[in-house]
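Please go through the following briefing with the model open beside it. It covers the sheet, the helices that pack on it, the nonpolar core and some local backbone features.

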Amino acid sequence: MPRPRKWRNVCCLPEANFHGPLEVSKRTEEINMTVEEYESIRLIDFEGLTQEECARQMNVARATVQKIYFDARRKLAQSLVNGNVIHIQGGDYKLYDACNSTEDFHRCHRHRNE
């Protein structure tokens, strides 16, 4: 039996769940990006954290963050090159409570309920 997946700490959900070209044909494939993939892009590319810092904040191993980040960047590239729409949803995550968090979570500034 496989080991159960570990929940990833996520600061906040995206303001918008769909991203992509303005003119979308019905033939365009939709790419599903998980919330933890979105969080890895937000932390590493937007906030400027290292993969190690991102791993500590998300409460997973650095190698796990590396895989999540690689998958997220591949999906972003597919969207840019092929004109696909990205739909951010699902995954193995939990929103952490900023009141109970450590100083590593000082970057979290917004929360949105699903």
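**Strand β4 and its surroundings**

In strand β4, Val-85 and His-87 point one way while Ile-86 and Ile-88 point the other way, and all of them are buried, where buried means under 20% relative accessible area, exposed over 50% and partly exposed in between, with a 1.4 Å probe and protein chains only. This is a predicted model, in which local features need pLDDT of at least 70 and side-chain atom pairs count only at pLDDT 80 or more, whereas totals for chains, interfaces and linings use all residues. Residues are numbered from 1 along each chain as its sequence is written, and side-chain values use heavy atoms, with hydrogens and water left out. Helices (H or I, at least four residues) and strands (E, at least two) are DSSP runs numbered from the N terminus.

**The sheet**

- Three strands form an open sheet with mixed pairing, in the order β2-β4-β3, two strands being counted as paired if DSSP finds at least two bridges between them.
- Because β2 (18–19) and β3 (30–33) stand at the edges with a single partner strand each, one side of each is left without a neighbour in the sheet.
- β3 and β4 (residues 85–88) run parallel and are joined by four bridges, with Glu-30 standing opposite Val-85 and Asn-32 opposite His-87.
- β2 and β4 run antiparallel and are joined by two bridges, and here Phe-18 stands opposite His-87.

**Helices on the sheet**

- Helix α1 (residues 35–46) lies across β3 and β4 and runs at about 75° to β3, the axes being lines fitted to C-alpha atoms, for helices over the stretch in contact, and the angles running from 0 to 180 degrees between N-to-C directions.
- Helix α3 (residues 62–82) also packs on the sheet, touching β3 and β4, and its direction makes about 160° with that of β3.
- α1 and α3 pack with their axes 8 Å apart, at an angle of about 95°.
- That angle makes α1 roughly perpendicular to α3, on a scale where angles under 35 degrees count as roughly parallel, over 145 as roughly antiparallel, 65 to 115 as roughly perpendicular and the rest as oblique.
- Residues of α1 including Ile-41 and Ile-44 meet residues of α3, among them Val-65, Ile-68 and Leu-76, contact meaning heavy atoms within 4.5 Å.

**Burial and the nonpolar core**

- 10 of the 12 residues of α1 are buried, so this helix is largely enclosed by the rest of the structure.
- The cover over the buried residues of α1 includes β1 (8–10), β3, α2, α3, β4 and β5 (93–95).
- The largest nonpolar core, a set of buried Ala, Val, Leu, Ile, Met, Phe, Trp, Tyr and Cys residues joined through side-chain atoms within 4.5 Å, has 19 residues, and those with the most contacts inside it are Met-33, Val-35, Cys-54, Met-58, Val-65 and Ile-88.
- At least two residues of this core come from each of β3, α1, α2, α3 and β4, and α1 supplies the largest share, five residues.
- Leaving aside residues up to four places away in sequence, Met-33 touches Tyr-38, Ala-72, Lys-75, Leu-76, Ile-86, His-87, Ile-88 and Gln-89.

**Positive phi angles**

- Asn-59 has a positive phi of about 65° although it is not a glycine, and its place is in the loop between α2 (51–58) and α3.
- With 38% relative accessibility, Asn-59 counts as partly exposed.
- Gly-48, just after α1, takes a positive phi of about 80°.
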